[in-house]
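Colleague: Hey, I've just opened this one and I'm new to it. Can you walk me through the charged pairs and the surface?

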Amino acid sequence: MDRITLRLSPDLIRRFDAAAAGQGGRSRLLRRLMEAAAQAPLPAPEQAPTTARSGKLTLRLGEADLRLLEVEAAAMGLSRTQWSAALIRRRLHDRPQFSRPEALALIEVRRELRRIGVNVNQIARALNTAVMDGPVLDLELGQLGAFQVEISAWVDALGEAFEGNLAYWAPAS
């Protein structure tokens with residue numbers, strides 16, 4: 001048999017219980033009301049909504065699994081629901097799933113790398129137009145090379161962060 005669950009205000013449920021008391025209880029009265037409503041002609045089908053909707057997923061876990069879920073979610077700084085949704089999205093879309101603080105930190109890193117890249121580009125232009133002696137030019141070019149190595153290391157670290165995130169959400173092997 002199918003089941004319908006709904007939330008009602010305490011006042012409404014109290015009044016409904018009072019009405020249902022003389023008619024065999026909640027379930028019996030609800031069945032009668034539904035049967036009466038089902039006798040009415042069906043309304044014309046509505047057009048499908050044009051906007052995307054979200055759905056609700058209810059999941060029941062045993063106590064041990066629920067505790068493990070709470071530990072994992074807390075370690076990531078997420079609620080149980082956020083953690084579960086991130087896991088599902090990772091599997092469905094094969095993309096990294098970051099918590100809000102992680103996402104904000106990555107945005108800031110990207111912003112800083114872009115600023116550094118602009119500065120290095122300006123330095124390179126200045127070196128191309130500058131009239132410098134050989135040793136001074138070599139020293140400046142060496143410094144520019146050091147910047148390039150450091151930026152490459154930070155970009156690699158950012159890639160490792162993405163790979164680590166993907167590995168975290170990947171299925172256990």
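Modeller: Sure, one term before we start: a residue is called buried under 20% relative accessible area, exposed over 50%, and partly exposed in between. By that scale Asp11 is partly exposed, with a relative accessible area of 37%. Keep in mind that this is a predicted model.

Colleague: Okay. How many salt bridges does the structure hold?

Modeller: There are seven salt bridges.

Colleague: Which side chain meets Arg14 in a salt bridge?

Modeller: That's Asp11, with 3.6 Å from N to O. A salt bridge needs the nitrogen within 4 Å of the carboxyl oxygen, so this pair counts as one.

Colleague: And why would those side chains pair at all?

Modeller: In general, side chains of opposite charge can pair when their charged atoms come close. Here, Arg14 and Asp11 are three residues apart in helix H1 (residues 10–21), so about one helical turn separates them.

Colleague: Is Arg14 buried or exposed?

Modeller: Arg14 counts as exposed, because its relative accessibility is 55%.

Colleague: Back to Asp11. What else does its side chain meet in a salt bridge?

Modeller: Arg15, at 3.1 Å from N to O. Asp11 and Arg15 both sit in helix H1, four residues apart, which is about one turn of the helix. Put together, Asp11, Arg14 and Arg15 are linked in a network of salt bridges.

Colleague: Let's move along the chain. Which residue forms a salt bridge with Glu112?

Modeller: Arg115 does, and the closest N and O atoms of the two are 2.6 Å apart. These two belong to helix H5 (residues 100–129) and are three residues apart there, so they are separated by about one helical turn.

Colleague: What about exposure for that pair?

Modeller: Glu112 counts as partly exposed at 33% relative accessibility. Arg115 also falls in the partly exposed class, at 43%.

Colleague: Changing topic: which residues make the nonpolar surface patch of about 490 Å²?

Modeller: Ile4, Leu6, Leu8, Leu12 and Met34 make it.

Colleague: Where does Leu12 lie?

Modeller: Leu12 is in helix H1, the helix that also holds Asp11 and Arg15. The relative accessible area of Leu12 is 36%, so it is partly exposed. Patch residues need over 30%, so Leu12 clears that cut-off.

Conventions:
Residues numbered from 1 in each chain as written. Predicted model: local features only at pLDDT ≥ 70, side-chain atom pairs only at ≥ 80, totals over all residues. Heavy atoms only, no water. Buried < 20%, exposed > 50% of the residue type's maximum accessible area, 1.4 Å probe, protein only. Patch = residues over 30% accessible without salt bridge, like charges linked within 9 Å, V, L, I, M, F, W, Y side chains within 5 Å. Areas by Shrake-Rupley, 256 points an atom, 1.4 Å probe, with all protein chains shown as cover.
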